Amino acid sequence: MKNIDYQLLQQRYLEYAENQSELEIDIMEKFGAFLPDEIIDAHTHYNDFKFLLDVPPTLSAHLVSSFLGFNIGDSDKFNALLYPEKKVHCLRIPLPFQGINLKSVNDHLLSVSYSEHRVAVAGIPTDLVYTLDVLKNGNVSALKMYHWYSHPPYKEIYDFFSPEILEVTQSGNVPIILHLPGTLAKCEECLVRLLLDFPRQRVVVAHMGVSATSTLDDLEIYRKLSRYENLFMDTSMVIDPMVLTQIFKRFPLQRIMYGTDLPLSLVRGQAYRHPEFGLRIFSSYPYHWINPREVDEQGVELCGVSPMLIHWQALLSLENAIRVVAKKQQEKVKEMIFFNTAKEVYSF
Ligand SMILES: [Zn+2]
């Protein structure tokens, strides 16, 4: 595989993201009125090019490789751009991929974080000693572990969040951020086992448990899971308004928190459903991970409107879900989702 200059690509992609269309600017103004003045983004990622080692080919073919060196300065800049006149606090998580020196990113985030932000460290599934050690740092607000840290990826939750680690996070009252290693239907059994084995462990399921291959058949599981009071979810990257609204009808709103998955939310494109791979993003902009052949084969139809940043698509879907489900309680629900729940769980 030819060498990819990730630094140059990121620079181009960020310039493209920064240059908002008129439609996006209109939406941004609308959200100026809709959003509370103070917001917690409970799901943001960081690295720096100096911590990038080798990028595995599976990663380079995926949109997650768009911004491999996204740093705190970039995040501050985009928060100021996307939420003018708001105060945004972030839960900062390293980009959790193989090929990134996670220990250095953890150290970096823990050393620079200041009062208004919090850090979720990335544990290393193959390095129990290190993971237990980094949890001793008093500034750790959560632990994230990722099934894609291994190739092929881990299939069971306990393969990457081992019970030895969960003993320590539970007793230290450290929440975990769990990206499910499959659809909610596939992971339901191991998730419930974790919730029963570690009844005091607060678990935040990323992306509302929605994955590329989720189907509407999974929806009833949310109602079943709603009884576990230590289970929370974040809204990052859920861009389908129908799916999000249906989940909001089944899972307690006071345990849902706003997240973006920044910088991935800075990709501009539109979703389509591939029969095998599920939800994918297409863009007419030449991101290096777009496979034009796949797009041709699937006959992706571009609608007349130019695609928006995923950031706005996700916020529009969240606004719709809040409007439909919260009805007259909207102001209260907004305070919970955009601020209070994350403040409580991550001790902001
Ligand atoms: Zn993420």
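Two strands are said to pair if DSSP finds at least two bridges between them. In the predicted model described here, this criterion is met by strand 9 (residues 270-274) and strand 10 (residues 278-282), which run in the antiparallel sense and are joined over 5 bridges. Within this pair, His274 has Gly278 of strand 10 as its bridge partner, and the two strands form a hairpin in which 3 residues lie between them.

Parallel pairing is found in an open sheet of 8 strands, whose order is 1-2-3-4-5-6-7-8. The edges of this sheet are occupied by strand 1 (38-46) and strand 8 (256-257), and each of these has a single partner strand, so that one side of each is left without a neighbour in the sheet.

Strand 3 may be followed in more detail. Strand 2 (residues 87-94) pairs with strand 3 in the parallel sense over 2 bridges, and Leu91 stands opposite Arg118 of strand 3. Strand 3 (residues 118-122) also pairs with strand 4 (residues 140-145), again in the parallel sense, over 4 bridges, and here Val119 is found opposite Val140 of strand 4. Both faces of strand 3 are covered, since Arg118, Ala120 and Ala122 on one side are buried, as are Val119 and Val121 on the other. Because 5 of the 5 residues of strand 3 are buried, this strand is largely enclosed by the rest of the structure.

The helices were examined next, beginning with helix 1. For the 13 residues of helix 1 (residues 6-18), a rise of 1.5 Å a residue leads to an expected span of 18 Å, and the C-alpha atoms at the two ends are 18 Å apart, which agrees with that expectation. Gln10, Tyr13 and Ala17 of helix 1 are buried, and these residues cover an arc of only 70° around the axis, which puts them on the same side of helix 1. An α-helix has 3.6 residues a turn, so residues three or four places apart point the same way. The exposed residues Leu8 and Glu15 are carried on the face of helix 1 that is turned away from its buried side.

Two packed helices are described by the angle between their axes and by the distance between those axes. The axes of helix 11 (residues 241-248) and helix 13 (residues 310-326) come within 8 Å of each other and cross at roughly 40°, which makes helix 11 oblique to helix 13. The crossing of these two helices is right-handed. Helix 13 also packs with helix 14 (residues 330-345), at an angle of about 135° and with the axes 9 Å apart, which makes helix 13 oblique to helix 14. The crossing in which helix 13 passes helix 14 is right-handed.

Several loop residues have notable backbone geometry, which is best read against the general pattern. Most residues other than glycine have a negative phi, and most peptide bonds are trans. A cis peptide bond, with omega of about 10°, joins Leu262 and Pro263, and Pro263 is placed in the loop between strand 8 and strand 9. Asn173, in the loop between helix 8 (163-171) and strand 5 (176-178), has a phi near 60°, a positive value in a residue other than glycine. Since a residue is classed as exposed if 12 or fewer other C-beta atoms lie within 10 Å of its own, Asn173 counts as exposed because it has 10 C-beta neighbours inside 10 Å. A positive phi is found also in His207, where the value is near 55°, and this residue lies in the loop between strand 6 (203-205) and helix 10 (219-225). His207 is partly exposed, because 19 other C-beta atoms lie within 10 Å, and 20 or more would be needed for a residue to be buried.

The last residue considered is Lys77, which is found in helix 4 (residues 72-82). Lys77 is partly exposed, with 13 other C-beta atoms within 10 Å. Along the sequence Lys77 and Pro199 are 122 residues apart, and in space they are 40 Å apart, taken from C-alpha to C-alpha.

Methods
Residues are numbered from 1 along each chain as its sequence is written. This is a predicted model: local features need pLDDT of at least 70, side-chain atom pairs count only at pLDDT 80 or more; totals for chains, interfaces and linings use all residues. The expected span of a helix is 1.5 Å times one less than its number of residues. The arc is that of the directions from the helix axis to the C-beta atoms. Axes are lines fitted to C-alpha atoms, for helices over the stretch in contact, and angles run from 0 to 180 degrees between N-to-C directions. Angles under 35 degrees count as roughly parallel, over 145 as roughly antiparallel, 65 to 115 as roughly perpendicular and the rest as oblique. A crossing is left-handed if the near helix is turned anticlockwise from the far one by less than a right angle, and right-handed if clockwise.
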